[in-house]
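Biologist: Hi! Could you walk me through this structure in plain words?
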Amino acid sequence: MDIQTLRKIRLRAADIVDQGWCQGAVARQENGCATNASNPQAVAWCIYGALLKATHEFQTCLFDHTGIDPTWNDAPGRTAAEVAGWLRTLAGMDHARMER
């Protein structure tokens, strides 16, 4: 992972902590009960929970923009070359969008 990606995740984690901060749990609900970092009911996060949530958002964004059903990878006859090729195609499309 490059430094720019890490920076974006860390800045997003900082924004998450700004929304609500906690100690003693990765995240807490409004009632103070501990929960997981990606729980939609979470209102506060510790540093680790904020990084988990930011990373989860990043991963969700990656998968949402592939245009691939999650089962595509496991299709009978699918090859590593096809998977790597599609990922490279997506990277090229992303690069072209950034240059506009």
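Modeller: Happy to! Read along the sequence, the chain goes α-β-β-β-α-α. Keep in mind that this is a predicted model.

Biologist: So how many helices and strands does the chain have?
Modeller: There are 3 helices and 3 strands.

Biologist: And is the chain spread out or compact?
Modeller: Its radius of gyration is 17 Å, well over the 13 Å from the globule rule for 100 residues, so the chain is more spread out than a compact globule. Along the principal axes, the C-alpha atoms fill a box of roughly 50 × 35 × 20 Å.

Biologist: How much of the chain is buried?
Modeller: Buried residues are 22% of the 100 residues.

Biologist: Which residues make up the largest nonpolar core?
Modeller: That core has 9 residues: Ile9, Ala13, Ile16, Ala27, Ala37, Ala42, Trp45, Ala50 and Ala54. Helix H1 (3-19), strand S3 (42-45) and helix H2 (47-64) each give two or more residues to this core.

Biologist: Which of them gives the most?
Modeller: H1 does, with 3 residues. As a rule, nonpolar side chains in soluble globular proteins tend to be buried together.

Biologist: Let's pick one core residue. What does Ala42 touch?
Modeller: Leaving out residues up to four places away in sequence, Ala42 touches Ala27, Arg28, Gln29, Thr35 and Asn36.

Biologist: Now the sheet. What order do the strands have?
Modeller: The order is S2-S1-S3, in an open sheet of 3 strands with antiparallel pairing. Strand S2 (34-35) and S3 stand at the edges with a single partner strand each, so one side of each has no neighbour in the sheet.

Biologist: How many bridges join S1 to S3?
Modeller: Strand S1 (residues 27-29) is joined to S3 by 3 bridges, and the two run antiparallel. Within that pairing, Ala27 stands opposite Trp45 in S3.

Biologist: Changing topic to loops: is Asn39 buried or exposed?
Modeller: Asn39 has a relative accessible area of 16%, and the cut-off for buried is under 20%, so Asn39 counts as buried. You'll find Asn39 in the loop between S2 and S3.

Biologist: What does the side chain of Asn39 reach?
Modeller: The Asn39 side chain reaches the backbone nitrogen of Gln41, at 2.7 Å.

Biologist: And Pro70, where is that found?
Modeller: Pro70 is in the loop between H2 and helix H3 (80-99). With 73% relative accessibility, against a cut-off of over 50%, Pro70 counts as exposed.

Biologist: What separates Pro70 from Val17?
Modeller: Their C-alpha atoms are 31 Å apart, and along the chain the two are 53 residues apart.

Notes: Residues are numbered from 1 along each chain as its sequence is written. This is a predicted model: local features need pLDDT of at least 70, side-chain atom pairs count only at pLDDT 80 or more; totals for chains, interfaces and linings use all residues. Side-chain values use heavy atoms; hydrogens and water are left out. A nonpolar core is a set of buried Ala, Val, Leu, Ile, Met, Phe, Trp, Tyr and Cys residues joined through side-chain atoms within 4.5 Å. Buried means under 20% relative accessible area, exposed over 50%, partly exposed in between (1.4 Å probe, protein chains only). Helices (H or I, at least four residues) and strands (E, at least two) are DSSP runs, numbered from the N terminus. Contact means heavy atoms within 4.5 Å. Two strands pair if DSSP finds at least two bridges between them. A polar contact is a pair of N or O atoms within 3.5 Å; within protein, one must be able to donate a hydrogen and the other to accept it, and residues adjacent in sequence count only if both atoms are side-chain atoms. The radius of gyration is taken over C-alpha atoms; the globule rule is 2.2 Å times the number of residues to the power 0.38.
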